[in-house]
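Colleague: I'm new to this one, so could you walk me through a few spots? Let's pull it up and start with the strands.

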Amino acid sequence: MERKAIISETYEPIHPHVYMLQESFLAPKFVEVVNYCQSEDADLKGLLDRIDSLPAKKVYSFPVFTKEFCQDLVEELENFEQSKMPRSRPNTMNNFGIQLNELGFDETFITPLRENYLQPITSLLFPDYGGKCLDSHKVFVVKYALHEDLSLSYHYDNAEVTLNVSLGKQFTEGNLYFGDVRQVPISETECVEVEHQVTQGLLHQGGQLHGALPIKSGERWNLIVWMRSSAVRNRLCPMCNMQPHLVEAIGFGDGYTKDTAEEIPDNVDVCTLI
C-alpha cells in the first residue's frame, strides 16, 4: 500500500516501543484471565467468574492495557495525527481516527495480541461465532472531540468478534449502548447503556447492535479490533447474508480467503449468523 510505504519511510515516531507488543503493556488481570483460558481445566463458567458480564446480552468487560501504555499510545497517535502523513478514514462511519495497519502495527502488535491473548478468551465466549478460528483482523483507533465526531449511530460490525478498548483521554458523557443481535427486530430490542472506563475492553459479537452517545467535553480515543474468521465468512458474508464474491485485496482485506474447501468448525452454527 502506497500510504503505508510513505509512512514507513518518512514518519518519525515519538514512542517507537509501542509498535511491538510486550506483556508489560497488558493489565495484570488480563494476563491472569488469558493464562486461565490456556489451562487444561479452563471452561466457560471459570472464565465468567474472572471477567464482568454486562447487562447487555453477551457483552463482557475486563482490563486490557495499563494506563501508562494507553497514555503512550495516545501520545503516539496524536503525534501522527499532527504530522502531514497521508492516512485513511478509520471506517465508513467515523471521520476521525487512524487505521493502525498503515502505521505498521499489524505484524508486531495486533496479530500476536489476537493469536496469543484474545483468541483463548473468544474460544470460550463465542464458539458459535467463530471464536475458535479467528484468523484475521481490521484494527483502527477512533477519536471523538468537540467540533469533530461526537457520537456513533446504531450499527453492527464487519466482524465475528469485536474488542473495543478505551484509551483515554478525559471526556464526559459518551456512554456506549448495546441492543440485541442484528437478527432481532429493533422494535423488539431494549438498549442498555455501558460506561466505558480507560484501559477497559468490551468484548462482544460483531453482529451485536451498538452505538456511542455524544461526548459533552474533552476527547475520547478508542481502539477497535474487528476479529474475523474466514471459515465462517467464506460461507456467509456477515454484512449481506449472501455467499461472498471474492476479489484480490492487500493484506487481510475483509477476512475472506480463496480456500473455500475449509470446513466450518462443528461448534459454529451458521444459522445463528443469518
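Colleague: Which residue in β10 stands opposite Ser61?

Modeller: This is a predicted model, where local features need pLDDT of at least 70, side-chain atom pairs count only at pLDDT 80 or more, and totals for chains, interfaces and linings use all residues. Residues are numbered from 1 along each chain as its sequence is written, and side-chain values use heavy atoms, with hydrogens and water left out. Strands here are DSSP runs (E, at least two residues), and helices are too (H or I, at least four), numbered from the N terminus. β2 runs antiparallel to β10 (residues 200-205), joined by five bridges, and the residue facing Ser61 there is Leu202.

Colleague: And which residue stands opposite Ser61 on the β1 side?

Modeller: Strands count as paired if DSSP finds at least two bridges between them. β1 (residues 52-53) pairs with β2 in the antiparallel sense over two bridges. Five residues sit between these strands in the hairpin, and Lys58 has a positive phi near 55°. Opposite Ser61 you'll find Asp52.

Colleague: How many residues of β2 are buried?

Modeller: Buried means under 20% relative accessible area, exposed is over 50%, and partly exposed is in between (1.4 Å probe, protein chains only). In a regular strand, side chains alternate between the two faces of the sheet. On β2, Val59, Ser61 and Pro63 are buried on one side, and so are Tyr60 and Phe62 on the other. For this strand, residues 59-63, the buried count is five of five.

Colleague: Why does the structure hold zero disulfides, taking Cys37 as the example?

Modeller: A disulfide counts as a pair of cysteine sulfur atoms within 2.5 Å. Cys37 is buried at 11% relative accessible area, and Cys133 is buried as well, at 17%. The sulfur of Cys37 can't bond because the closest cysteine sulfur, in Cys133, is too far off, at 16 Å.

Colleague: What volume does the second largest cavity have?

Modeller: A cavity is a set of points on a 1 Å grid over the protein atoms alone where a 1.4 Å probe fits but cannot get out; lining residues have an atom within 4 Å of a point. Grid points are joined across faces, edges and corners, and volume is the space filled by probe spheres set on them. The search of the whole structure finds two cavities of 30 Å³ or more. The second largest holds about 40 Å³.

Colleague: Which helices each supply at least two residues of its lining?

Modeller: The lining includes Phe65, Phe69, Leu73, Phe105, Phe109 and Ile110. It divides into eight nonpolar, no polar and no charged residues, where nonpolar covers Ala, Val, Leu, Ile, Met, Phe, Trp, Tyr, Cys and Pro, charged covers Asp, Glu, Lys and Arg, and the others, Gly among them, are polar. The helices are α4 (67-82) and α5 (106-125).

Terms used
On a 1 Å grid over the protein atoms alone, a cavity is a set of points where a 1.4 Å probe fits but cannot get out, and a pocket is an open set with protein on both sides within 12 Å along at least five of seven lines; lining residues have an atom within 4 Å of a point.
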